[in-house]
Protein chains: 2
Amino acid sequence: MKITKDLYQSSLALLTDFYQLTMAYAYWKSGKAEEEAVFNLFFRKNPFQGGFTIAAGLDYVIDYCRNFHFDEQDLSYLGQMKGKSGEAMFEVAFIDYLREMRFSCDIDAVEEGSVIFPNSPLIRVKGPLIQCQLLETPLLNITNFQTLIATKAARITLAAKGEDVLEFGLRRAQGIDGALAASRAAYIGGCSATSNVMAGKLFGIPVSGTHAHSWIMSFDSEIEAFKAYAEALPDNCVFLVDTYDTIKGVEHAIEVGKALREKGKEMLGVRIDSGDLAYYSNRARQMLDEAGFENAKIVASNDLDEHIMFSLKVQESSINVWGVGTKLVTAYDQPALGAVYKLSAIKKEGKWIPKVKVSQQSIKINIPGFHNVRRFYKNGVANADMIFLENGTNDKKEFLLIDPIDPTKRKKVGKDWDSEVLLKNIFVKGEKVYQRPDIHTIRENTKANLAKFDKAHKRLVNPHIYAVGLEETLYNLRTSLVLEAKAK
Amino acid sequence: MKITKDLYQSSLALLTDFYQLTMAYAYWKSGKAEEEAVFNLFFRKNPFQGGFTIAAGLDYVIDYCRNFHFDEQDLSYLGQMKGKSGEAMFEVAFIDYLREMRFSCDIDAVEEGSVIFPNSPLIRVKGPLIQCQLLETPLLNITNFQTLIATKAARITLAAKGEDVLEFGLRRAQGIDGALAASRAAYIGGCSATSNVMAGKLFGIPVSGTHAHSWIMSFDSEIEAFKAYAEALPDNCVFLVDTYDTIKGVEHAIEVGKALREKGKEMLGVRIDSGDLAYYSNRARQMLDEAGFENAKIVASNDLDEHIMFSLKVQESSINVWGVGTKLVTAYDQPALGAVYKLSAIKKEGKWIPKVKVSQQSIKINIPGFHNVRRFYKNGVANADMIFLENGTNDKKEFLLIDPIDPTKRKKVGKDWDSEVLLKNIFVKGEKVYQRPDIHTIRENTKANLAKFDKAHKRLVNPHIYAVGLEETLYNLRTSLVLEAKAK
């Protein structure tokens, strides 16, 4: 069984766009393959019209890079490809070159569970042009999706205000890994458990679940079904009460709960999966309390997302545990993050040449040079992020940050403020130097990191925009490169 | 390397919701595990507000079922699970039972590439209750996603009106399998090629691609970059012309195209990835034609979907080849199909008892009994689908079809009309009896199947609704069961 963790420990070198291979070949033919380059992976807008993003996927990226190689099956597939003229697409010497290729890049990245914002590098790759290029597609695939889902999960967890959120999305997820990677990212973002047993086994995430409507329907009556379930799994009794009639379902749950109690076991709760969740959860709460089941939880599910949960909270529903599926694991209202990976500098004759790609859309112009991000804090609260040139003028007493789109938006931060650099060394010349935290630690970090931001940035709609600016030197470099390119 | 095809040949038994396992245990404890049941997998609405759906994923389902078993790693994971009281969740005898479990169901399903509609069974599983239940989640995961993407691809291919559509979605897809399964389903739906090299290798789908903006940016000038690419890959020259200025880019492409021609090679075309695609494609067409490159293609990309493509066609753009990514592989405007899997009958003392799940939402009431679908044709054009009881009264001269939601919508079809039954035998008692067509045949079948429907059903927005009805006997059975359940 080779999937996710195991899977990434095999060759996935062909998990890339074909144009990466044609470019790789052309770089190799032009003698440019080993030129040194820097690429940055970043996104341009927080997803879900929100005010923040949670980084995830680095663990997969590390496995991908560590195991990056072309195996004989890959090479023979490439070797037999033909061009329009019927000749081999790639020379044998190139296939041999790929056979010998070993991952040798420097990678710096923000840690999983970090709070991040548009335009800042999430991953920076420095190394031979050909390797940087081949890594583009898999790094985007992994990072785009897990970051998207971790962010969605963080929003949903915020809406739950400390109550448990269970991730139930496997049946509607986009493929097998669309489910597994989503379960992982959802846990990082703050969910408490998953229904996906394989994700539990592979990642050590808690799993959760009791029974479906079909359990009830396979018996002649609901009460009979509840009794049989309680007999088999007296420690795991959350009864699904809405197969026929929710109120009668709660009555039946109470009846079986009482019988359980006589045997020294306690019913954990009831689940409502349809109808008016605010109304039925309140009715169920009242009935359970009156029957002496004050500790029984009320689990709700049925196409929930952060907005419906927010509304249910406003309506003072009695839901204690939130089952979230489709809307979470597919990031339903925005199913792609849209992160990109852009060349920002290339070394020519020992000197780094910064690069921009001009576009008619200002938002699409990338940030040039070898840059990093520093986060400044004021009284322990995150105040602004500064994108800066690592080899730039960083010895000023204060820094002027300029918004990359609207240059009239400016902010000063003091050099002596508490601050931290967000990109951490992950690989140096292909060797891993980073110690990976376990998934439970990452989940705790997400929570701790979010706590450092003012709640205005965490509002679900119309959040207050967190300041991210280019340090003045970098801003000026970028402006002059863009003007120069446009003048050509 | 174990992924998709290979991967499904290993144990994926834990790729299921935990509640399937707790129910499995409770069925086993109650002595109901081996009772015979029938479940149907179906969806309730065509995706994308469209008029049809294309079935896909059966090939994966077959691999999943053929290789269904719990391996020792799975069993040891389940064996160590604890309930609230700290006791083992599952008895050792149950773990032993799972170890011995072999797939023994009958499966009937519509073939991949079939045109299908809401409420009709897409897959019917008959077998021991415990197995039917464990299969629910993986069958939904696989079928929901691939059917969704094949349908999206078919819509996009229809919008392209016979021109090639290239699938470019890997970097924005939802995980690794979210990309691979999407590439497969997109090809089934009608795409001509994928950028995903691994999908090419695994499924035999044609792959396609040339170069990115970073190729241009790694050189001092665009013309130099085009020349170097043409030198390396003279048979595969589609030049991306919008890195700096699209019009100048086309001029440069023409210059390099002329040099190529002198060497006996032909430029394939240009690609435009930003800006006004209608305007620039027309300008590029004119320039290419005037320079004698009438056969050079114009490839367009940039967040395309069927609606933008429709609009570009209306504007008489000169695009010949359509590169589609994010919007296709994530099914951006509706990222989940929402198919469900419902118990429809259970055998008690040798007799099938039909089952319904009542709901306050009429659309959520399932269709009971052991049923199938028959498609009727009139003059070679698909006219109506009839959902009918396999053991019902099927010897009438004509059949009355009744809409499951609005019983005043009725239609009669003649028994002597051309017709076909849509569910085919896939497995009989766990043995595969179905010969799988290759992926190229499936793709051709999709096209041929769509051609049997009036174009009004294939309209991208506000399609004419295709008639799908319950045969009168089944309609009456369902109504009486619902009334009976509500009366309880």
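**Close-up views of the predicted model**

**View 1. Polar contacts and salt bridges between chain A and chain B.** Across this interface, 46 residue pairs are in polar contact, both residues being at pLDDT 80 or more. A polar contact is a pair of N or O atoms within 3.5 Å; within protein, one must be able to donate a hydrogen and the other to accept it, and residues adjacent in sequence count only if both atoms are side-chain atoms. The model is predicted: local features need pLDDT of at least 70 and side-chain atom pairs count only at pLDDT 80 or more, whereas totals for chains, interfaces and linings use all residues. Residues are numbered from 1 along each chain as its sequence is written, chains are lettered from A and ligands numbered from 1 in the order in which they are written, and side-chain values use heavy atoms, without hydrogens and water. Six salt bridges (a side-chain nitrogen of Lys or Arg within 4 Å of a carboxyl oxygen of Asp or Glu) are counted between chain A and chain B. One joins Lys201(A) to Asp74(B), at 2.7 Å from N to O.

**View 2. The area buried between chain A and chain B.** About 9400 Å² is buried, 59% of it from carbon and sulfur atoms; this is the accessible area (1.4 Å probe) that two parts lose on being put together, summed over both. In chain A, Arg171(A), Gln174(A) and Met217(A) lose the most area to chain B, together 9% of what that side buries. Contact (heavy atoms within 4.5 Å) involves 113 residues of chain A and 114 residues of chain B.

**View 3. Packing of helix 9 and helix 10 of chain A.** Helix 9 (residues 222-232) and helix 10 (residues 246-262), both DSSP runs (H or I, at least four residues) numbered from the N terminus, pack at about 35 degrees with axes 10 Å apart. Axes are lines fitted to C-alpha atoms over the stretch in contact, and angles run from 0 to 180 degrees between N-to-C directions. Among the contacting residues are Phe226(A) of helix 9 and His252(A) of helix 10.

**View 4. A salt bridge within chain B.** Glu35(B) pairs with Lys348(B), their closest N and O atoms being 3.6 Å apart.

Conventions
Helices (H or I, at least four residues) and strands (E, at least two) are DSSP runs, numbered from the N terminus.
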